[in-house]
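Subject: A structure for you to look at

Hi,

Here is the structure I promised to pass on. Have a look around it first, and then read my notes below.

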Amino acid sequence: MVGTHLVMGASGFLGSHVTRQLAERGDDVRVWIRRSSSTRAFDDLPVRRCYGELVDDAAIREAMHGVDTVYYCIVDTRAWLRDPAPLFATNVDGLRHALDAALEAQVRRFVFCSTVGTIGLSPDGRPANESAPHTWAHLGGPYIQARVAAENLVLDYCRERGLPGIVMCVSTTYGAPDHGSPHGRLVSDAAKGRLPVYFGNAAMEVVGISDAARAFLLAAEKGRVGERYIISERYMTWKELVTTAAEAGGAKPPRLGIPLPVMKAVGRLGDVAGRVLRRDVVMNSVSTRLMHFMPPLDHSKATRELGWDPSPTPDAVRAAAKFYLEQQHQTGR
């Protein structure tokens, strides 16, 4: 649907790909970023840049003026933070400012980037879908609690205030171009033969970045207001992920898998180190738990209602591996 669209969080991995697909479709695209944000991912695109912080209501209203659809891709994913305040400040409190502005601007659609971490466990052991109630927020720590609260906030605005919102529960994304996603670093290291180990029998839901971005555009056209959609292509083990990346890069795949009990022990040591050193430790009990706890998912609702037909994620991993190697060749790093 050609029109004027605002991508909030365009400097991020998913936001930049949503921006690119809109611009390449011929839409009038605005991006909402901070002054300090990297613009490398969309420097070649004809977009209007709107700068500000989420607490700057006047700037948000100006950016949304005359906008058809808002694609909200702002998220703080730092699950390892000892102090949860920043997670709630960005993921919940900051979001509220954007929701109020969207209501005032009377946008046609507000497509919100959530996470598969808000999907509950299936009671019968089958792949979970959007109807499964969330029952494990206490295991996901403040990060998952903040993401669940954010999603509930959007849905409350839909029910109680008429927000034309659609929630996209996105899994871990891979693909190219990727100018710095945290999870892409693992693929990069594997492709360059720099990854000696992998995370044992851990697995996660994954999706190609181009397919995830395309789902957002489809949701703006076909999604039902107040509904959630799982945007994930498959359940993939860490071993399969890094092996696919290594083979695409012509490197030897890592052969040593770290057993789950060892991962848990490392996470507990991270907790202790964080308390003793009074600093954030990336590998703590929550972050290690999130590597293996989330269940397989069923994305058939997105296929049925949005017409979303994702490509095999291993293809996206191979494309990412080749992209990282090309970047290394160009920069010498």
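Let me start with a question: is C113 buried or exposed? C113 is buried, with a relative accessible area of 9%. Please keep in mind that this is a predicted model, and that the values below were computed from it.

**The cysteines**

C113 has a neighbour to look at, namely C73. The sulfur of C113 is 5.2 Å from the closest cysteine sulfur, which belongs to C73, and that is too far for a bond. A disulfide is a covalent bond between the sulfur atoms of two cysteines. C73 is in no disulfide, and the structure holds zero disulfides. C73 is also buried, at a relative accessible area of 10%.

**The sheet**

Now step back to the sheet. Seven strands form an open sheet with parallel pairing, and their order is β3-β2-β1-β4-β5-β6-β10. The edge strands are β3 (48–51) and β10 (228–231), each of which pairs on one side only. From one strand to the next, the twist averages 20°.

Two of the strands are good places to see how the sheet is covered. In a regular strand the side chains alternate between the two faces of the sheet. Try this on β1, which covers residues 4–8. T4, L6 and M8 are on one side and H5 and V7 on the other, and all of them are buried. That makes five of five residues buried in β1.

Strand β5 (109–115) gives a similar exercise. On one side you will find R109, V111, C113 and T115, and on the other F110, F112 and S114; all are buried. So what is the count for β5, the strand that is mostly covered? Seven of its seven residues are buried.

You can also follow the pairing residue by residue. β1 and β2 (residues 28–33) pair in the parallel sense over five bridges. V7 stands opposite V31 in β2, and M8 stands opposite W32 in β2. β4 and β5 pair in the parallel sense over four bridges, with R109 in β5 as the bridge partner of T69.

**Helices against the sheet**

Helix α1 (residues 13–25) lies across β1, β2, β4 (69–72), β5 and β6 (165–170), and it runs at about 165° to β1. Helix α3 (residues 85–105) lies across β1, β4 and β5, at about 170° to β5.

For a closer look at α1, pick T19, which lies in this helix. T19 is buried, with a relative accessible area of 0%. Leaving out residues up to four places away in sequence, T19 touches V7, A10, V29, V31, F42, L45 and V47. V7 and V31 may look familiar: they are the two residues that stand opposite each other in β1 and β2.

**Rings**

How many aromatic pairs are there? The count comes to three. A pair of aromatic rings is described by the distance of the centres and the angle of the planes. F323 and Y324 form an edge-to-face pair, 5.9 Å centre to centre with 70° between the planes. F323 is buried at 11% relative accessible area, and Y324 is buried at 8%. Elsewhere, ring pairs link Y72, F110 and F112 into a cluster. F110 and F112 are on one side of β5, with S114.

Charged groups sit over rings as well. R35 lies over the face of Y51, at 4.0 Å from the ring centre. The charged end of K301 sits over the ring of Y229, 5.0 Å from its centre.

**Backbone oddities**

Most residues other than glycine have a negative phi, and most peptide bonds are trans. Here are some exceptions for you to find.

- A cis peptide bond joins A176 and P177, with omega about -5°; P177 is in the loop between β7 (172–174) and α5 (184–191).
- Q106 is not a glycine, yet has a positive phi of about 55°. Q106 lies in the loop between α3 and β5 and is exposed, at 69% relative accessibility.
- R278 also has a positive phi, near 55°. R278 is in the loop between α8 (260–277) and α9 (285–290), and is exposed with a relative accessible area of 69%.

Enjoy exploring!

Best wishes

Key. Residues are numbered from 1 along each chain as its sequence is written. This is a predicted model: local features need pLDDT of at least 70, side-chain atom pairs count only at pLDDT 80 or more; totals for chains, interfaces and linings use all residues. Side-chain values use heavy atoms; hydrogens and water are left out. Two strands pair if DSSP finds at least two bridges between them. Axes are lines fitted to C-alpha atoms, for helices over the stretch in contact, and angles run from 0 to 180 degrees between N-to-C directions. Contact means heavy atoms within 4.5 Å. Rings of Phe, Tyr and Trp (its six-membered ring) pair if their centres lie within 6.5 Å; planes under 30 degrees apart count as stacked, over 60 as edge-to-face and the rest as tilted. Buried means under 20% relative accessible area, exposed over 50%, partly exposed in between (1.4 Å probe, protein chains only). A charge sits over a ring if NZ of Lys or CZ of Arg is within 6 Å of the ring centre and within 35 degrees of the ring normal. A disulfide is a pair of cysteine sulfur atoms within 2.5 Å.
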